[in-house]
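User: I am new to this structure. Please show it to me, and then let me ask about the terms used for it.

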Amino acid sequence: MELHGEQQQQQLRSLRDFLLVYNRMTELCFQRCVSNLNYRVLTRPEEMCLDSCAGKLVHSNHRLMSAYVALMPSIVQRRVSDYEASAAQAAANSAGEVPEAPTALAGAGGPDAQPDLQVASGSGGATEGASGVGT
């Protein structure tokens, strides 16, 4: 029952969006093409202008939607990965884990400085940024 209600809401949103686009296109083309309201029938140049205007808007809308459809999977994937990363970070913060960088730096000043750096460099390159890579 609830799924059917959500489906109806989605259909109503789609209809509303379509009607908004249609009304905007009609208004734009009417203002651009119809210059004389003294006659009941459109003149031939007005008809041609309206056909051209509507055709251009429909064509541009199709191109825009095809670009949107092509880009949407990558956008969704990026949002999912960002969400997963933030959820993992929030879980790590709530579990009270200590980040790796402060523990590696804590032993760097003593006589065991070399072993700490070797362990840190094997953990994903934490010391690469500190050692001046790229200089």
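Analyst: What follows takes the terms in turn and sets values against cut-offs. This is a predicted model, where local features need pLDDT of at least 70, side-chain atom pairs count only at pLDDT 80 or more, and totals for chains, interfaces and linings use all residues. Residues are numbered from 1 along each chain as its sequence is written, and side-chain values use heavy atoms, with hydrogens and water left out.

User: What makes Phe18 and Tyr22 a stacked aromatic pair?

Analyst: Rings of Phe, Tyr and Trp (its six-membered ring) pair if their centres lie within 6.5 Å; planes under 30 degrees apart are stacked, over 60 edge-to-face, the rest tilted. Here the centres are 6.2 Å apart and the planes meet at 25 degrees. Both values pass, so the pair is called stacked. The count by this rule is one aromatic pair.

User: Where do Phe18 and Tyr22 lie?

Analyst: Both sit in helix α1 (residues 2-33). They are four residues apart, about one turn of the helix.

User: Why is Phe18 called exposed?

Analyst: Buried means under 20% relative accessible area, exposed over 50%, and partly exposed in between (1.4 Å probe, protein chains only). Phe18 has 51%, so Phe18 counts as exposed.

User: Why is Tyr22 called partly exposed?

Analyst: Tyr22 has a relative accessible area of 42%, so its value falls between the two cut-offs.

User: How many helices and strands does the protein chain have?

Analyst: Four helices and zero strands. Helices (H or I, at least four residues) and strands (E, at least two) are DSSP runs, numbered from the N terminus. The order is α-α-α-α.
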